[in-house]
Amino acid sequence: SSFIRALHETNLIIPTSTPIMSSSNPNETAGAIKDAGRESRLSFRKFAEHQLRNEFKQEAMKKCDIQLSAFADCAKTEGLMVIFRCNEFKSAVDECLAAYMSNERWELYKKEHAADLESKVISSKN
């Protein structure tokens, strides 16, 4: 038990949802379990937001398909020299993705898809 606690303290083991109890006080134990349950409920929202963020990124990638294809073609023909010879294509990809993946667009996308976000939170709970 002390060996496992030492591993947790050195971050060699990722803590589980139920923390290691050092006290036999039932009130502290119940509070820790309640906090662990709260954490898992909060993670549903984070998971749903992560899924929505991935959809947002996929849409941006589709909008930048021309630039991405041009960069991929350059990379295929240049091989290891891609770093030196495909800079203009990489810059075009970076500019396109920056335009479509800005924080302002993300916030707007979240507002437009708020119902989707809530449905994903509910469906991930079930």
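Trp106 and Tyr109 both lie in helix 6, three residues apart, which is about one turn of the helix. Helices here are DSSP runs of H or I with at least four residues, strands are runs of E with at least two, and both are numbered from the N terminus. An α-helix has 3.6 residues a turn, so residues three or four places apart point the same way. The model is predicted: local features need pLDDT of at least 70 and side-chain atom pairs count only at pLDDT 80 or more, whereas totals for chains, interfaces and linings use all residues. Residues are numbered from 1 along each chain as its sequence is written, and side-chain values use heavy atoms, with hydrogens and water left out.

The aromatic residues come next. A search of the whole structure finds three aromatic pairs. Phe56 and Trp106 form a tilted aromatic pair, with 5.3 Å from centre to centre and 55° between the planes. Rings of Phe, Tyr and Trp (its six-membered ring) pair if their centres lie within 6.5 Å; planes under 30 degrees apart count as stacked, over 60 as edge-to-face and the rest as tilted. The pair of Phe56 and Trp106 links distant parts of the chain, since Phe56 belongs to helix 2 (residues 26-63) and Trp106 to helix 6 (residues 103-112), 50 residues apart. Phe56 counts as buried because its relative accessibility is 5%, and Trp106 is buried with a relative accessible area of 4%. Buried means under 20% relative accessible area, exposed means over 50%, and partly exposed lies in between (1.4 Å probe, protein chains only).

Trp106 also forms a stacked aromatic pair with Tyr109, at 6.3 Å centre to centre and 20° between the planes. Both Trp106 and Tyr109 are buried. Phe56, Trp106 and Tyr109 thus form one aromatic cluster. A charge joins this picture: the charged end of Arg53 sits over the ring of Trp106, 4.2 Å from its centre. For this description, NZ of Lys or CZ of Arg must be within 6 Å of the ring centre and within 35 degrees of the ring normal.

Charged side chains also pair with one another. Side chains of opposite charge can pair when their charged atoms come close. The structure holds four salt bridges, each defined as a side-chain nitrogen of Lys or Arg within 4 Å of a carboxyl oxygen of Asp or Glu. In helix 6, Glu107 forms a salt bridge with Lys110, and their closest N and O atoms are 3.8 Å apart. Glu107 counts as partly exposed because its relative accessibility is 38%. Glu49, Glu107 and Lys110 are linked in a network of salt bridges.

Another salt bridge joins Lys90 to Asp94, with the closest N and O atoms 2.8 Å apart. Both residues lie in helix 5 (residues 87-100), four residues apart, about one turn of the helix. Lys90 counts as partly exposed at 39% relative accessibility, and Asp94 counts as partly exposed at 39%.

Helix 3 (residues 65-78) has 14 residues and reaches 20 Å from its first C-alpha to its last, close to the 20 Å expected at 1.5 Å a residue. The expected span is 1.5 Å times one less than the number of residues. Gly79 follows helix 3 and has a positive phi, near 65°. Glu78 forms a salt bridge with Arg85, the closest N and O atoms being 2.9 Å apart. Glu78 is partly exposed, with a relative accessible area of 24%, and Arg85 is partly exposed, with 48%.
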